[in-house]
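Dear colleague,

I am passing on the structure we spoke of, and below it you will find notes on its aromatic pairs and on one of its helices. Please read them with the model open beside you.

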Amino acid sequence: MFRSFRFWLTLGAVLVCLFNYFGFDRDNLLFFFVSIPAWVIEMYREVYTVNPLFVYALTIGFYFLLGYSIDRLLAKREQAA
């Protein structure tokens with residue numbers, strides 16, 4: 001479990017979202033630097049008009065899926081070798 005990208009990327013996203021939620025990132029710099037879904041939302045509308053919990057859930061889900069994809073690719077590479 002601790003050797004998977006899925007775990008570490010999801011944990012990092014959760015920590016960044018909690019850091020932002022509790023107000024330690026007042027200017028949202030860290031959150032907007034890390035959150036790819038917030039970038040996409042910002043292209044179509046102001047991200048401040050969207051429920052922040054929805055944006056946090058999208059960010060955590062994005063990093064979970066990214067880690068899952070990396071783990072799958074590495075598993076396929078190990079099987080091929």
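To begin with the side chains, Trp8 has a relative accessibility of 45% and therefore counts as partly exposed, and Phe7, at 22%, falls into the partly exposed class as well. Please bear in mind throughout that this is a predicted model.

A search of the whole structure gives eight aromatic pairs. One of them joins Phe7 and Trp8, whose rings meet edge-to-face, with 4.9 Å from centre to centre and 80 degrees between the planes. Tyr21 and Phe22 also form an edge-to-face pair, because their ring planes stand at 75 degrees, over the 60 that this class requires, while their centres are 5.4 Å apart. Phe22 itself is exposed, with a relative accessible area of 58%. Ring pairs also connect Tyr21 and Phe22 with Phe31, Phe32, Tyr48 and Tyr56 in a cluster.

Tyr56 leads on to helix H4, where it is one of the buried residues, together with Val55, Thr59, Tyr63, Gly67 and Asp71. The cover over these buried residues includes helix H1 (5-21), helix H2 (29-34) and helix H3 (36-44). Helix H4 runs over residues 52-80, and its 29 residues, at 1.5 Å a residue, should span 42 Å, which agrees with the 42 Å between its end C-alpha atoms. At the N-terminal end of H4, Asn51 acts as the cap, with a side-chain oxygen 3.2 Å from the backbone nitrogen of Leu53.

With best regards

Terms used
Residues are numbered from 1 along each chain as its sequence is written. This is a predicted model: local features need pLDDT of at least 70, side-chain atom pairs count only at pLDDT 80 or more; totals for chains, interfaces and linings use all residues. Side-chain values use heavy atoms; hydrogens and water are left out. Rings of Phe, Tyr and Trp (its six-membered ring) pair if their centres lie within 6.5 Å; planes under 30 degrees apart count as stacked, over 60 as edge-to-face and the rest as tilted. Buried means under 20% relative accessible area, exposed over 50%, partly exposed in between (1.4 Å probe, protein chains only). Helices (H or I, at least four residues) and strands (E, at least two) are DSSP runs, numbered from the N terminus. The expected span of a helix is 1.5 Å times one less than its number of residues. Contact means heavy atoms within 4.5 Å. A polar contact is a pair of N or O atoms within 3.5 Å; within protein, one must be able to donate a hydrogen and the other to accept it, and residues adjacent in sequence count only if both atoms are side-chain atoms.
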